[in-house]
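Here is a short tour for a newcomer. Look over the sequence and the model, then read on.

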Amino acid sequence: MHNRSQVQIEHNYIAEPSRPRAHCLFLNSLLPLIFALSFLLAGCSFHETSRDFFAMDTVMHLSASGSHAEQGLDAAEDEINRLDRLFSISNADSDIARLNQSGSTTVSDETLQLLARSKEINSQTGCAFDITVYPVASLWGFYSGNFQVPDQKALSAALSSVGMDHVQVNHSSVTLDSGTQLDLGAIAKGYASNRAAKIIEESGVTSANLSLGGNVHVVGTKPDGSNWKVAITDPNNTDHYAGVLSVQDTAVVTSGGYERFFQADGKTYHHILDPKTGYPADSGLLSVTIVSQDDVLADALSTALFVMGEDRAVDFWRASTANFEMVLITRDGRIRYSEGLESAFSLAADYKAEVIHR
Ligand code: ADP
Ligand code: MG
């Protein structure tokens, strides 16, 4: 199985002390000291610290600047790992694994919150976003790694357990109908990036870049005051990027079929499933990028609009009162982005795009 994460452009800030023109002996003797001091000061104000770790089934890269960076990154990493332990399908003690195992259990407030949000987005997207897709994803081997194209009979049986009406919530207790199981994989990273950003800000960090696989959250601006640049991969040519978003204080989430997939009989099968057919969504879109200050919405919608396809995605954006913008890339190589990104999105050389208006 292949796993790629969204490309990001992060030009490290290079401090360039201006060239001294002083000729007098006194100044000349001070020059080494002035140089040393300016490098030190540049180091203090722009020093970036970063770390990589594996959580939520993906490689995460967090970076932050300033004197609270180390402490902020520690807290953010701890928070992401805590949420991984809470929502993971593979950690037997997690709320979701316990629920999937027993069919009925009490869960934490945060899990309840995320289930409620999942249900809301499920209904808003005409069930394109559906956390009960687990039995189908399991048949395809996306959890075990034993990939296979399931036969139609098994797929139909699994599909009969898919649907949010198979999930009952009563106070803090959740009950699943027999055969139904949950997977928060398309929304948990959004929740985690939102929490990590909050925590890092509370630590006093004003400039950070949190990359949780395809989910990016930028805090503030780059240390030099300019916007963060988040590149969007060209799904037709994944070594290239189609364009760059110039953003601050927002989430940028991309879902693409090119992120995780397997090949069988010359065909490619990816991990974003259409809950109606049980097959990998074949909507004509190759990637959907959502820009929103609401990380959870951005994560869920990147998956949902990918399933819905170009026309339904555009209709959804036009009708929605939610605060989000999007970039759609189609199989035939077209790029369309919503008008709110007009000043933020720059196309890479040789790419063309069309703006979607309300
Ligand atoms: P990634 O997790 O690679 O960033 P997504 O956010 O699009 O990508 O989530 C895809 C994951 O969510 C899949 O690996 C699967 O676990 C689950 N999933 C697949 N299809 C759907 C769907 N239609 N609705 C909700 N979750 C889905
Ligand atoms: Mg998602």
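Strand S12 spans residues 250-256, and 7 of its 7 residues are buried, so the strand is largely enclosed by the rest of the structure. The model is a predicted one. Which way do the residues of S12 point? Thr250, Val252, Thr254 and Gly256 point one way. Ala251, Val253 and Ser255 point the other way. Both sets are buried. In a regular strand, side chains alternate between the two faces of the sheet.

S12 has a partner in strand S9 (residues 215-219), and the two pair in the antiparallel sense over 4 bridges. Here Asn215 stands opposite Val253 of S12. Strand S15 (residues 285-292) also pairs with S12, again antiparallel, over 6 bridges. In S15, Ser287 is the bridge partner of Gly256.

These strands belong to an open sheet of 9 strands. Its order is S3-S4-S8-S9-S12-S15-S16-S17-S19, and the pairing is mixed. S3 and strand S19 (354-356) are the edge strands, each pairing on one side only. From one strand to the next, the twist averages 15 degrees.

At one edge, S3 pairs with strand S4 (residues 58-65) in the antiparallel sense over 8 bridges. Thr49 stands opposite Ala64 in S4. Helix H2 packs on the sheet and touches S3, S4 and strand S8 (208-212). The direction of H2 makes about 15 degrees with that of S3. Helix H9 (residues 310-319) lies across S15, strand S16 (325-330), strand S17 (335-338) and S19. H9 runs at about 170 degrees to S16.

Next comes helix H4. It has 16 residues and reaches 23 Å from its first C-alpha to its last, close to the 22 Å expected at 1.5 Å a residue. Which residues of H4 are buried? They are Glu110, Thr111, Leu112, Leu114, Leu115, Ser118, Ile121 and Asn122. What covers them? The cover includes H2, helix H3 (95-102), strand S6 (167-170), strand S7 (173-176), helix H7 (188-202) and helix H8 (295-308). Just after H4, Gly126 takes a positive phi of about 60 degrees.

Now the charged pairs. Side chains of opposite charge can pair when their charged atoms come close. The whole structure holds 15 salt bridges. Three of them are set out below.

| Salt bridge | Closest N to O |
|---|---|
| Arg51 and Asp74 | 2.8 Å |
| Arg82 and Glu110 | 2.8 Å |
| Asp332 and Arg334 | 3.3 Å |

What does the salt bridge of Arg51 with Asp74 tie together? Arg51 lies in strand S3 (residues 48-55) and Asp74 in helix H2 (residues 69-87), so the pair joins parts that are 23 residues apart in sequence. Arg51 is buried at 15% relative accessibility. Asp74 is partly exposed at 37%.

The side chains of Arg82 and Glu110 also meet in a salt bridge. Arg82 is in H2 and Glu110 in H4 (residues 109-124), so this pair ties together parts that are 28 residues apart in sequence. Arg82 is partly exposed, with 30% relative accessibility. Glu110 counts as buried at 17%, because the cut-off for buried is under 20%.

Asp332 is exposed at 56% relative accessibility. Its partner in a salt bridge, Arg334, is partly exposed at 34%. Both residues belong to a network of salt bridges that links Glu310, Asp332, Arg334, Arg336 and Glu354.

Conventions. Residues are numbered from 1 along each chain as its sequence is written. Chains are lettered from A and ligands numbered from 1 in the order in which they are written. This is a predicted model: local features need pLDDT of at least 70, side-chain atom pairs count only at pLDDT 80 or more; totals for chains, interfaces and linings use all residues. Side-chain values use heavy atoms; hydrogens and water are left out. A salt bridge is a side-chain nitrogen of Lys or Arg within 4 Å of a carboxyl oxygen of Asp or Glu. Buried means under 20% relative accessible area, exposed over 50%, partly exposed in between (1.4 Å probe, protein chains only). Two strands pair if DSSP finds at least two bridges between them. The expected span of a helix is 1.5 Å times one less than its number of residues. Contact means heavy atoms within 4.5 Å. Axes are lines fitted to C-alpha atoms, for helices over the stretch in contact, and angles run from 0 to 180 degrees between N-to-C directions.
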